[in-house]
Amino acid sequence: MRLDILTLFPDFIQASAALGVVGRACERGLLEVVAHNPRDHAAGNYRRVDERPFGGGPGMVMLIDPLRATLAAARAADPRPAPVVLLSPQGERLTQRRVREFAAMPRLILVCGRYEGIDERFVEAEVDLEISIGDYVLSGGELGAAVLVDAIGRLQEGALNDAASAVQDSFEDGLLDCPHYTRPESHALGEVPAVLRGGDHAAIARWRRQQSLGRTWLRRPDLLARTALSASDRALLEAFQRAWRA
Ligand SMILES: O=C(NCc1ccc(CNCc2ncc[nH]2)cc1)c1csc2nc[nH]c(=O)c12
């Protein structure tokens, strides 16, 4: 998959794509992340990419033409069609469902705003979808783009080794993760739960599922409401709830 990213901070984006699982996916040709800087496509010797807002008010607004020129350059770099996603506080909240949709695409172009935002005429004419990464105020879209690079990159076929992908699948079912433990078995901070120290893999899988269900019920009932539970899930959760209330 090829990701083209329009950003005034290309170094930041390239650095975020060089890390860990995503970095390896890039090395293995599973993912290509290319940053394009609107400042390189801005005219005039001041190479302006922003201007004052009509109607007054604080801050600056990103100019249409440098963005359009940069978008044209990004499109021209690869013949395949590519949806244009603007990272923006006004966007739809990012979910794993959306990430899976993006990860299945051959190409995607991400646009990162800075300042107070982008001239609305560019948004209306060139942007297919606006995405927010949460209800808090950032200084620009680059962190949102880095989040997308990571979330999409790790889903590229072959990016995760078998163990990790198995874990990822279980988590993908919309529940919170179970607790994790490693050595030592005994520690001043406590013991590793006995079930994990034994070899009964069915009991371990049940315990982990019960912990995921219980923790989701306690911490994110909104996620639980959206998850279809099997009969055995329901039994495990009810046992967890009884123990919790006891
Ligand atoms: O570009 C982003 N942020 C820069 C930014 C932040 C705030 C304002 C508007 N400020 C005045 C105002 N507030 C309410 C009404 N009017 C404009 C631009 C961004 C991309 S994805 C994302 N996801 C979560 N949060 C984010 O900020 C982002």
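## Pocket, helix packing and backbone in a predicted model

User: Which residues does Gln156 touch, not counting residues up to four places away in sequence?

Analyst: This is a predicted model. Gln156 sits in the loop between helix H6 (142-153) and helix H7 (162-172). Not counting residues up to four places away in sequence, the residues that Gln156 touches are Met1, Leu30, Leu31 and Ala103.

User: Is Gln156 buried or exposed?

Analyst: The cut-off for buried is under 20% relative accessible area. Gln156 has 9% relative accessibility, so Gln156 counts as buried.

User: Where does Leu108 lie, and is Leu108 buried or exposed?

Analyst: Leu108 belongs to strand S6 (residues 107-112). Its relative accessibility is 0%, so Leu108 counts as buried.

User: Which residues surround Leu108 through contacts, not counting residues up to four places away in sequence?

Analyst: Gln156 and Leu108 each have a contact list that leaves out residues up to four places away in sequence. Met1 appears in the list for Gln156 and also in that for Leu108. The full list for Leu108 is Met1, Arg2, Leu3, Asp4, Ala82, Pro83, Val85, Phe102 and Ile152.

User: What separation do the C-alpha atoms of Leu108 and Ala151 have?

Analyst: Leu108 and Ala151 are 43 residues apart along the chain. Between their C-alpha atoms the separation is 13 Å.

User: At what angle do helix H9 and helix H11 pack?

Analyst: Helix H9 covers residues 201-219, and helix H11 covers residues 231-245. Their axes are 9 Å apart. H9 passes H11 in a right-handed crossing. The packing angle is about 65°.

User: How many nonpolar, polar and charged residues make up the contact of H9 with H11?

Analyst: On the H9 side, the contact residues are Arg206, Arg209, Gln210, Gln211, Leu213, Gly214, Arg215, Trp217 and Leu218. On the H11 side, they are Asp233, Leu236, Leu237, Ala239, Phe240, Gln241, Trp244 and Arg245. By class, the contact has eight nonpolar, four polar and five charged residues.

User: Which element gives the most to the lining of the second largest pocket?

Analyst: The second largest pocket holds about 540 Å³ of space. Strand S5 (84-93), helix H5 (120-126) and strand S7 (129-132) each supply at least two residues of its lining. With five residues, the element that gives the most is S5.

User: Which residues lie nearest the centre of the second largest pocket?

Analyst: The lining of the second largest pocket has 25 residues. By class, eleven are nonpolar, ten polar and four charged. Nearest the centre lie Leu87, Ser88, Pro89, Gln90 and Glu116.

User: What is omega for the cis peptide bond that joins Arg183 and Pro184?

Analyst: Pro184 lies in the loop between H7 and strand S8 (186-187). The bond joining Arg183 and Pro184 is cis. Its omega is about 5°.

User: What phi does Arg47 have?

Analyst: Arg47 is in the loop between strand S2 (32-36) and strand S3 (50-51). Its relative accessible area is 37%, so Arg47 is partly exposed. Arg47 is not a glycine, yet its phi is positive, at about 45°.

User: What phi does Tyr115 have?

Analyst: Tyr115 is in the loop between S6 and H5. Its relative accessible area is 36%, so Tyr115 is partly exposed. Tyr115 is not a glycine, yet its phi is positive, at about 60°.

Notes
Residues numbered from 1 in each chain as written. Predicted model: local features only at pLDDT ≥ 70, side-chain atom pairs only at ≥ 80, totals over all residues. Heavy atoms only, no water. 1 Å grid on protein atoms, 1.4 Å probe; cavity = no way out; pocket = protein on both sides within 12 Å on 5 of 7 lines; lining within 4 Å. Points joined across faces, edges and corners; volume = space filled by probe spheres on them. Helix = DSSP H or I, 4+ residues; strand = E, 2+ residues; numbered from the N terminus. Nonpolar A, V, L, I, M, F, W, Y, C, P; charged D, E, K, R; others polar. Axes fitted to C-alpha atoms, helices over the stretch in contact; angles between N-to-C directions. Left-handed = near helix turned anticlockwise from the far one by under 90°. Contact = heavy atoms within 4.5 Å. Buried < 20%, exposed > 50% of the residue type's maximum accessible area, 1.4 Å probe, protein only.
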